[in-house]
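Below are some notes for a colleague going through this structure. They are set out as numbered points, beginning with the aromatic pairs.

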Amino acid sequence: MHPVGLSDTARNEHTSRRENLDALERGTRMRTIVHATVLDNPTHAARIRQLHAAGDLHRVVDEPVQQLVIFDRTLAFLRLTPVPYAPGALAIRQQSLITALIDLFERTWSGAREVTEPTRRLSAREREVLALIAEGRSNSAVARALSITEAAVGKHVASLFAKLEIPATADDNRRVLAVLAYLRGTAR
């Protein structure tokens with residue numbers, strides 16, 4: 001699992017990618033969970049897509065994760081400090097701890113979305129507005145809750161409709177469709 005802000009330098013990133021691709025060619029199986037913000041960096045996103053296509057399956061989560069590497073279900077490394085470039089990792093060999101970490105990984109994996117699944121990145125304010133809409137609130141109630149004007153709420157709603165690619169039609173309720181995208185996890 002990779003947390004927010006991968007810490008690889010350009011040289012280390014290239015070496016790491018080549019080593020992973022070589023391992024995949026030799027038949028190593030890999031599954032990787034990354035934080036959604038990693039995909040905001042075009043270089044990291046390209047690396048992840050290349051590795052995913054080569055067989056290192058990737059999934060994406062929105063909640064924070066701690067960097068964790070598990071080898072052959074017998075050895076795990078857990079970063080000591082969740083800060084980029086921080087040295088040190090805890091090597092774990094005790095099977096009961098590794099089993100617990102594998103369970104954590106599997107639960108996180110099952111709740112994550114595919115790296116190839118489209119995700120529309122909303123601003124923090126747009127997510128707040130959408131969360132309040134999901135609670136059934138009107139634009140005026142959203143404005144009061146966020147201490148902003150109704151006009152500002154209208155702009156945020158219009159922006160999230162555009163980002164979620166929800167067109168205005170006579171047959172569909174765009175607010176409901178936006179809430180459904182929010183509930184499915186495709187609006188982050």
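**Notes on the model**

1. The count of aromatic pairs comes to 2. In one of them, the ring centres of F71 and F77 are 5.9 Å apart and the planes stand at 80 degrees, so this pair is edge-to-face, the cut-off for that class being over 60. F71 is partly exposed, at 42% relative accessibility. F77 is also partly exposed, with a relative accessible area of 31%. The coordinates behind these values come from a predicted model.

2. The rings of F105 and W109 form a stacked pair, because their planes are at 25 degrees, with the centres 5.8 Å apart. Where do F105 and W109 lie? Both are in helix α3 (residues 95-111), 4 residues apart, which is about one turn of the helix. F105 has a relative accessible area of 10% and is therefore buried. W109, with 9%, is buried as well.

3. On the overall make-up, the protein has 7 helices and 6 strands. Read from the N terminus, the order of the elements is α-β-α-β-β-β-β-α-β-α-α-α-α. The protein has 188 residues, and buried residues make up 35% of them. Of the contacts between residues at least 6 apart in sequence, 64% join residues at least 24 apart.

4. A single position can be added on the strand side. D62 sits in the loop between β2 (56-61) and β3 (68-71). Its C-alpha atom is separated by 5.4 Å from that of A36, although the two residues are 26 apart along the chain. Is D62 buried, partly exposed or exposed? With a relative accessible area of 25%, D62 is partly exposed, since the partly exposed class runs between 20% and 50%.

5. The next point is the packing of α4 on α5. The axes of helix α4 (residues 124-134) and helix α5 (residues 139-146) come within 10 Å and cross at roughly 125 degrees. This angle makes α4 oblique to α5, because it falls outside the range of 65 to 115 degrees for roughly perpendicular and is not over 145. The crossing of α4 past α5 is right-handed. On the α4 side the contact is made by R125, E128, V129, L132 and I133, and on the α5 side by V142, A145 and L146. Sorted by class, this contact has 6 nonpolar and 2 charged residues, with no polar ones.

6. How do α4 and α6 cross? Their axes come within 9 Å, at an angle of roughly 95 degrees. That makes α4 roughly perpendicular to α6. From α4, the residues R125, E126, V129, L130 and I133 meet V153, H156, V157, S159, L160 and K163 of α6. The contact of α4 with α6 has 6 nonpolar, 2 polar and 3 charged residues. R125, V129 and I133 are listed in the contact with α5 and in the contact with α6.

7. Which residues of α5 are buried? They are A141, V142, A143 and L146. The cover over the buried residues of α5 includes α4 and α6 (150-163). V142 and L146 also take part in the contact with α4 described in point 5.

8. The last point is backbone geometry. Most residues other than glycine have a negative phi. S147, just after α5, takes a positive phi of about 55 degrees. S147 belongs to the loop between α5 and α6, and with a relative accessible area of 67% it is exposed. E165 likewise has a phi near 55 degrees, a positive value in a residue other than glycine. E165 lies in the loop between α6 and α7 (174-184). Its relative accessible area is 59%, so E165 counts as exposed, the limit being over 50%.

Note on methods
Residues numbered from 1 in each chain as written. Predicted model: local features only at pLDDT ≥ 70, side-chain atom pairs only at ≥ 80, totals over all residues. Heavy atoms only, no water. Helix = DSSP H or I, 4+ residues; strand = E, 2+ residues; numbered from the N terminus. Buried < 20%, exposed > 50% of the residue type's maximum accessible area, 1.4 Å probe, protein only. Axes fitted to C-alpha atoms, helices over the stretch in contact; angles between N-to-C directions. Parallel < 35°, antiparallel > 145°, perpendicular 65-115°, else oblique. Left-handed = near helix turned anticlockwise from the far one by under 90°. Contact = heavy atoms within 4.5 Å. Nonpolar A, V, L, I, M, F, W, Y, C, P; charged D, E, K, R; others polar. Phe/Tyr/Trp six-rings, centres within 6.5 Å; stacked < 30°, edge-to-face > 60°.
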